[in-house]
Amino acid sequence: MTLRETTNTMGKSAEAWFRKRILIAVSAVAAVSIFLRVAFLLKLQGTPFYLEHFSDSRLYMKLAESIAFGQGIEEAFFMSPLYPYLLAIVWNITGNPELWMRLLQVVFGAVTAIASMWIGRRIFSAKTGIIAGMLVAMYAPLIYYDGLLLIESLQTMLLTLSLLTLIRAVQEDGLKDWLLAGLTLGAAAVTRANILL
């Protein structure tokens, strides 16, 4: 075996080991995030926070119901429209937005934790990224809001993804990365417009 072949073989095995390590880290962050959020949802059932809708949650459910059943929106949105439309889509597909939207928000929480891990990895190091991902996965206020029918879960995920795509765009300067950064920031703005400030 030549020196070049030996180097190529070593490079491939190091790359495979690195990919396996990343996969383990992503899986661990996702698993912790999902486990804690599902456990919280199970504890939340039967409480007023699950059974009743308060303030913004009541408004989102009312708007989603109007959209889902084809009545449309008669007045202008004084809150951003993405969350009610997403809630209406979940309502139409599942017939039970109470449970399925919350389960979707469990996924949003996991995506937020994984995106935080990648942000930490890109700016600092792999170790910092794993710590950041785990901290976000275990952060109690995020777990709490992922269980409620409010925009915070969707908004936090979109803002984290927009930050990740923006960092990638700055570092790699590809047109695709800049477009993705703009799309995620735009989606976050349609979730809550004041983030544009």
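This note goes through helix 8, the salt bridges, the aromatic pairs and a few single residues of a predicted model.

1. Helix 8, length and end. Helix 8 covers residues 152-172. Its 21 residues should span 30 Å at 1.5 Å a residue, and the end C-alpha atoms are 30 Å apart, which agrees. Just after the helix, Asp173 takes a positive phi of about 55°.

2. Helix 8, buried side. The buried residues of helix 8 are Ser153, Leu154, Gln155, Met157, Leu158, Thr160, Ser162, Leu164, Thr165, Ile167 and Ala169. Polar residues appear in that list beside nonpolar ones, Ser153 and Leu154 among them. The partners against which these buried residues pack are helix 4, helix 5, helix 7 (140-146) and helix 9 (175-191).

3. Gln155. This residue of helix 8 has a relative accessible area of 8%, so Gln155 is classed as buried, the limit being under 20%. Leaving aside residues up to four places away in sequence, Gln155 touches Thr191, Arg192 and Ile195. Of these, Thr191 is the last residue of helix 9 (175-191).

4. Salt bridges between and within helices 5 and 8. The model has six salt bridges. In one of them, Arg122 pairs with Glu172, with 2.9 Å between the closest N and O atoms. Because Arg122 lies in helix 5 and Glu172 in helix 8, this pair ties together parts that are 50 residues apart in sequence. Glu172 also forms a salt bridge with Arg168, where the closest N and O atoms are 3.7 Å apart. That second pair stays inside helix 8, its members four residues apart, or about one turn of the helix. Residues three or four places apart in an α-helix point the same way, because there are 3.6 residues a turn.

5. The network around Glu172. Arg122, Arg168, Glu172 and Asp177 are linked in a network of salt bridges. Are its members buried or exposed, or in between? Arg122 is partly exposed, at 24% relative accessible area. Arg168 is partly exposed as well, at 32%, and Glu172 is partly exposed at 41%.

6. Arg102 and Glu98. Another salt bridge joins Arg102 to Glu98, the closest N and O atoms being 3.0 Å apart. The two residues are four apart in helix 5, so about one helical turn separates them. Arg102 has a relative accessibility of 1% and therefore counts as buried.

7. Leu103. Leu103 is placed in helix 5 (residues 97-123). With a relative accessible area of 29%, Leu103 is partly exposed. Its C-alpha atom is 8.8 Å from that of Arg37, although the two residues are 66 apart in sequence.

8. Tyr60 and Tyr83. How many aromatic pairs are there? The count comes to four. One of them joins Tyr60 and Tyr83 edge-to-face, with 5.2 Å centre to centre and 65° between the planes. Tyr60 is in helix 3 (residues 55-68) and Tyr83 in helix 4 (residues 82-94), so the pair ties together parts that are 23 residues apart in sequence. Both tyrosines are buried: Tyr60 has a relative accessible area of 3%, and Tyr83 has a relative accessibility of 0%.

9. Phe69 and Trp91. The ring centres of Phe69 and Trp91 are 5.7 Å apart and their planes lie at 80°, so this pair too is edge-to-face. Phe69 sits in the loop between helix 3 and helix 4, while Trp91 belongs to helix 4; the pair links distant parts of the chain, 22 residues apart. Trp91 is buried, at 15% relative accessible area.

10. Aromatic cluster. Phe40, Tyr144 and Tyr145 form one aromatic cluster. Phe40 falls within helix 1 (residues 3-44), and the two tyrosines fall within helix 7 (140-146).

11. Nonpolar surface patch. Ile34, Val38 and Leu42 make a nonpolar surface patch of about 240 Å². Leu42 is found in helix 1 (residues 3-44). Its relative accessible area of 59% puts Leu42 in the exposed class, because that class begins over 50%.

Note on methods
Residues numbered from 1 in each chain as written. Predicted model: local features only at pLDDT ≥ 70, side-chain atom pairs only at ≥ 80, totals over all residues. Heavy atoms only, no water. Patch = residues over 30% accessible without salt bridge, like charges linked within 9 Å, V, L, I, M, F, W, Y side chains within 5 Å. Areas by Shrake-Rupley, 256 points an atom, 1.4 Å probe, with all protein chains shown as cover. Salt bridge = Lys/Arg side-chain N within 4 Å of Asp/Glu carboxyl O. Buried < 20%, exposed > 50% of the residue type's maximum accessible area, 1.4 Å probe, protein only. Phe/Tyr/Trp six-rings, centres within 6.5 Å; stacked < 30°, edge-to-face > 60°. Contact = heavy atoms within 4.5 Å. Expected span 1.5 Å × (residues − 1).
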